[in-house]
Amino acid sequence: MMFSKKLQDALNKQMNQEFYSEYMYLAMTAYLRYNSLDGVASFFLGQSQEEHAHAMKIFDFLNEKGGRVTLEAIDGPQVEFKSVADVFKTAVDHERAVSKSINKLMDLAIAENEHSVKSFLQWFVDEQVEEEALFDRLLNKVKLAGDGQGLLIIDSQLANFVPKGKAT
Ligand code: FEO
């Protein structure tokens with residue numbers, strides 16, 4: 001292996017958190033579909049798939065570096081929400097926690113002077129800026145929209161949401 005066991009464990013832990021994020025956004029998709037908000041649901045399904053890709057990025061990186069991937073149990077996500085605003089608030093809070101965790105991981109890579117890990121993690125640092133901004137903006141829009149017609153407009157807009165990097 002090319003870096004410390006401590007750093008390997010921290011990367012595996014981050015991978016688990018990304019799989020948890022996938023699961024969490026899938027639970028939100030299920031809640032939203034049940035409540036006939038198919039557009040918002042498709043947005044969260046897309047987010048869930050992005051989180052799977054994040055986890056696999058770490059999976060592949062560990063493999064490339066000759067590290068050991070260890071898959072742990074994934075915690076059960078929250079499945080009930082008070083409202084669509086509550087879904088977005090939960091997502092914003094979660095992404096802030098993920099950013100903290102990525103920062104800690106970066107601190108460790110810096111402390112161990114592991115340049116390849118630092119370079120690898122920089123993508124995640126940048127990604128978190130975008131994700132926090134996106135969820136923040138959508139939470140504000142949902143709050144402004146209120147229930148009823150405003151929410152239905154957001155629902156139809158999000159039905160056509162194209163995640164960055166997926167546009168053709
Ligand atoms: Fe992979 Fe939304 O953090």
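Residues are taken as buried under 20% relative accessible area, as exposed over 50%, and as partly exposed in between. These terms are applied below to a predicted model, in which Glu-132, with a relative accessible area of 22%, is therefore partly exposed. Across the 168 residues of the protein, 45% count as buried.

The protein contains five helices and zero strands, so that its elements, read along the sequence, give the pattern α-α-α-α-α. The C-alpha trace spans about 55 × 30 × 25 Å along its principal axes. For a compact globule of 168 residues a radius of gyration near 15 Å would be expected, and the value of 17 Å found for the protein agrees with this. Confidence in the prediction averages a pLDDT of 94, and 96% of the residues score at least 70. Among the elements, the highest mean pLDDT belongs to helix H1 (98) and the lowest to helix H5, residues 149-158 (93).

Helix H1 comprises residues 5-34 and includes Leu-26. Together with Tyr-23 and Ile-74, Leu-26 makes a nonpolar surface patch of about 260 Å². The relative accessible area of Leu-26 is 38%, which means that this residue is partly exposed. Helix H2, formed by the 27 residues 38-64, should span 39 Å at 1.5 Å a residue, and its end C-alpha atoms do lie 39 Å apart, in agreement with that expectation. After H2 comes Gly-66, for which phi is positive, near 75°.

Four salt bridges are present in the structure. One of them links Lys-5 to Asp-9, with 3.0 Å between the closest N and O atoms; both residues belong to helix H1, where they are four residues apart, about one turn of the helix. The two partners fall into separate accessibility classes, because Lys-5, at 52% relative accessibility, counts as exposed, whereas Asp-9, with a relative accessible area of 35%, is partly exposed.

In helix H3 (residues 84-111), Lys-89 and Asp-93 are separated by about one helical turn because they stand four residues apart, and their side chains meet in a salt bridge with an N to O distance of 2.8 Å. Lys-89 counts as partly exposed at 38% relative accessibility, and Asp-93 likewise counts as partly exposed at 37%.

A further salt bridge joins Arg-96 to Glu-132, the closest N and O atoms being separated by 3.6 Å. Since Arg-96 lies in helix H3 and Glu-132 in helix H4 (residues 115-145), this pair ties together parts of the protein that are 36 residues apart in sequence. Arg-96 is partly exposed, its relative accessible area being 37%, and Glu-132, at 22%, is also partly exposed. Through salt bridges that share partners, Arg-96, Glu-132 and Asp-136 are joined into one network.

Technical notes: Residues are numbered from 1 along each chain as its sequence is written. This is a predicted model: local features need pLDDT of at least 70, side-chain atom pairs count only at pLDDT 80 or more; totals for chains, interfaces and linings use all residues. Side-chain values use heavy atoms; hydrogens and water are left out. Patches are made of residues with over 30% relative accessible area and no salt bridge: like charges are joined within 9 Å, nonpolar side chains (Val, Leu, Ile, Met, Phe, Trp, Tyr) within 5 Å. Accessible areas come from the Shrake-Rupley method with a 1.4 Å probe; for residues, only the protein chains shown count as cover. Helices (H or I, at least four residues) and strands (E, at least two) are DSSP runs, numbered from the N terminus. Buried means under 20% relative accessible area, exposed over 50%, partly exposed in between (1.4 Å probe, protein chains only). The expected span of a helix is 1.5 Å times one less than its number of residues. pLDDT is the predictor's confidence in each residue, from 0 to 100. The radius of gyration is taken over C-alpha atoms; the globule rule is 2.2 Å times the number of residues to the power 0.38.
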